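Thanks for sharing this one with me. Here are a few notes to read alongside the coordinates.

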There are 2 protein chains.
Amino acid sequence: MKTELSRTLGIEHAIFGFTPFPAVAAALTRAGGFGVLGAVRYTAPDDLARDLDWMQEHTDGLPYGLDVVMPAKKVEAAPGGQTLTEADVEAMIPEEHRAFVRATLAKHGVPELPEGEASGWRITGWMEQVARSQLDVAFDYPIKLLANALGSPPPDIVARAHDQGVLVAALAGSARHARHHAEAGIDIVVAQGYEAGGHTGEIASMVLTPEVVDAVSPLPVLAAGGIGSGEQIAAGLALGAQGVWLGSIWLTTTEAELHSRALTAKLLAAGSGDTVRSRALTGKPARQLRTEWTDAWDDPAGPGPLPMPLQGLLVAEAVSRIQRHEVEPLLGTPVGQIVGRMNSERSVQQVVDELTRGFEKAVDRINRIAGRSES
Amino acid sequence: MKTELSRTLGIEHAIFGFTPFPAVAAALTRAGGFGVLGAVRYTAPDDLARDLDWMQEHTDGLPYGLDVVMPAKKVEAAPGGQTLTEADVEAMIPEEHRAFVRATLAKHGVPELPEGEASGWRITGWMEQVARSQLDVAFDYPIKLLANALGSPPPDIVARAHDQGVLVAALAGSARHARHHAEAGIDIVVAQGYEAGGHTGEIASMVLTPEVVDAVSPLPVLAAGGIGSGEQIAAGLALGAQGVWLGSIWLTTTEAELHSRALTAKLLAAGSGDTVRSRALTGKPARQLRTEWTDAWDDPAGPGPLPMPLQGLLVAEAVSRIQRHEVEPLLGTPVGQIVGRMNSERSVQQVVDELTRGFEKAVDRINRIAGRSES
C-alpha cells in the first residue's frame, strides 16, 4: 500500500494512526504504519518528554509523529492582549453549569476522586500556551509529522516545523477549511468525515474526501472517519486519498491503556448507532459513545454545553471521577461509527495485518468487477 | 463494471438510478445502467400506465424497475380495522400546524395556486392503498425490479413479484433493518447512508455499506448515499456492494423535468454543506436542500413536523405553491450531500460516461497503490 506520501515518509503502509497511547503509536510504526501520538493529555512537559523518550526507544528508528490541539481562534487572549491563565478561564464558567455538573454526578452517585488523586482527564492542552510548551519539548525529538486537530497551527509553528524537516498536517471537515490549511502552508490535510470519532463536521467521508482532494490538490490528503477495515481503506484511497488516518480502532487493541475494563467492554459491545455527535465533552461537536452524560448535556431542558475551552475545563474533573469509578451509564469516550466493528481485543500488529489483508481482498474484488483479473 | 447482480439483470454497468422522471429512467437504462422510476407522485393509476407505456417504448427492451413507497407500519388503519380515506387522515392534522403553514407562506408572500390548478406535489402514494393500485398497474408491464423505500413490502406483494420474476429491493439505513428485509424474502438491499438524499438514517455509507453486506450476505447490496462520481462508485464497490444506487445526480440532467429553473439553479449552486436532514417534508428525517422552509419546521420555537403521513399531507399544497411560484428562499427538494458536485447540466448519457471513466481511473489508481499496475 504505497503512495507518494508513504514513500516520502518511508513507511510500508499508508496507514496513519492517531492515539493517546505511546505503546499503540510505537506498535503501529513498528508494524509499518505511521504512529501519531496525541499530546493533548500531557499537562506537564516532562511527562511528554518521558513518553517521547520511550517512543524513541521503541520505534527502531522508524518515523512517527505528534498531534497537538491548537484552536484556530485564540480564546485565552484577554481584551488587553495579555495571556489568560487557566484560573482566568475557570472564572468564566457560570455557576448554573457547575451546579448542573454536580447534580448530574449526584443523580448517578458518582463518588469523589480518592484523597490526593489528581484529575487525570485534562484538556488544558487545548490552550495554545500549553500546546506551545508541548512543541518546545517535541521539537527536541526526531518527529516526522506534526498534526493539529483544530485549524491550521500558527505561522511561526509551521515555519519552525519546516525548518526542522517536519511535515505539518491539519484536520479539516470541509473543503473550505482544507483550502485555509493549504493557504497556511500545511503539507497534509486530514479530511475528517462526519462518521469519525472526536471533532467532526457534517459532511460524510464518501463526499468529503474527494472534495478535499480536489480543493487542495496536489497536496496529499488522508481519509479519516469510518475507516476500520481494509475494504474501508480501499474505499478511502479510491476516493483520492494518499493514505488513511485511523483513531478509533486502536482503542480496543491490547496495547491501549484505557485503564477501564468497563469502558473497553462498552466499546466492544457498542454498535455503529451507539455514538452521538455532541458538544458535551469539549464544547465543539465531537462524536463519542452516547451515554447518559451526553444525553444530559444534549437535553434541551438542561443548560447545554459551554463553548470551547470552557466546557472541557468544566467537565474535566467530572469525567475523571466517572472514569475512575467506572460509573457505567455515564462512561464514554470519543469514538467513531466504526465502533460497531470493534468486537474483539487484538494487538496493533494483528489489526494492521487484517487491514492490509482486507485491502488486498478489496483490490482483488474491484479488479474482478472491472474485468481486470486474469481469472 | 460487472457484478453477479448486474449479470443477473443483464445490464452493462452496475449503476442503478432512482428518479421520478421517466425520461431519466429510460435514458439510464439505454446507457447501460438500470433506471428505476419513482411511483410516489402518481396519484392516478392511468398516469402511471401512460408513463410506463412510454418507458416501454423508449428502453429498447432493456430492463428497468419501479420504486414505490409502502410504509412498513400501516398508519391508515383505523382502530376498527377499516381503511381510512385521505380525508380521514387530513382530519388528524391539528389546526396549530395548519396555521403555521399559512403563517410561513404569508411571511414570504407565497401566492395561491392559479384558479383550477391542482396541487402537483402529492404524497398520497405513501399510503398503502395507493401503492397497491400503482402495483396493479405496474405488474402489467415487464418491470424487472420493484423497490420499496420504506421497510419491506407486505408478503403478498413480495410473493406476487417473485411469481412474475420481478426482483424485490428495499432500502435500509441500518444492519438491523437490512436483516429484517432478508427475513422478509427481499432479493436486494439498498444500503442508504446518512449522506443520501431523501429518507436516511444516521450511519454514513462508509460504515453502513460493509455492515449491511455482512448482515445479509449472500444477498446483493447496493451502496446508496454520497455516490455521484466514478471514484465514489469504486469506493462503494470496494466496500462490498454489488452495485450503486444514485438518486440526486439525475436531478440536474437535461432529461430531468424539474419544471423550475430557479430550483435547478439552486441545485447547481449548492455546496455539500447546504443540505439538512429534516422532517419538514414527510415527517421522517429526509435529507434535502436547507431552506427557510426547513429552518421554520426545524425551529424549536415552532410546532415542529407531524409524523408521517400527516406532515406530507399538511405541506403538499404549500410545497406546490412554493414550486409553482418559485419562491426562492423556500424552494427545496430532497437531495444528498453530493449536490456539491452537481455543478453543470449534462445528459444522462454524459453522466454515465463520466461515471464509468471515473471508475476506471479509480481502479487504475488503486492498482498503482497496491503495486499491481504494470508501469
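**Notes on the two copies, a sheet and a loop**

1. Let me begin with the symmetry of this predicted model. A turn of 180° with a shift of 0.0 Å along the axis lays chain B on chain A, and the RMSD is 0.0 Å. Because of that turn and shift, the two chains are related by a two-fold axis. If you would like a place to look in chain B, go to Ala235(B): its C-alpha is the one nearest the axis, at 2.0 Å.

2. The interface is worth a look next. Of the interface residues of chain B, 100% are also interface residues in chain A, so the copies meet through the same surface.

3. Now to a sheet in chain A. Three strands form an open sheet in the order 7-11-10, and their pairing is antiparallel. Strand 7 (198-199) and strand 10 (275-278) of chain A are the edge strands, each pairing on one side only. Strand 11 (residues 286-289) of chain A runs antiparallel to strand 7 of chain A, and two bridges join them. In one of these strands, strand 11 of chain A, Arg287(A) is the bridge partner of Gly198(A).

4. Finally, a loop residue. Where does Thr252(A) sit? You will find Thr252(A) in the loop of chain A between strand 9 (243-246) and helix 11 (261-269). Thr252(A) counts as buried because its relative accessibility is 4%, under the 20% cut-off. Beyond its neighbours within four places in sequence, Thr252(A) contacts Leu267(A) and Leu268(A), along with Met342(A), Ser344(A), Glu345(A) and Arg346(A).

Notes
Residues are numbered from 1 along each chain as its sequence is written. Chains are lettered from A and ligands numbered from 1 in the order in which they are written. This is a predicted model: local features need pLDDT of at least 70, side-chain atom pairs count only at pLDDT 80 or more; totals for chains, interfaces and linings use all residues. Side-chain values use heavy atoms; hydrogens and water are left out. Two strands pair if DSSP finds at least two bridges between them. Helices (H or I, at least four residues) and strands (E, at least two) are DSSP runs, numbered from the N terminus. Copies are superposed by least squares on the C-alpha atoms of residues with pLDDT of at least 70 in both. Contact means heavy atoms within 4.5 Å. Buried means under 20% relative accessible area, exposed over 50%, partly exposed in between (1.4 Å probe, protein chains only).
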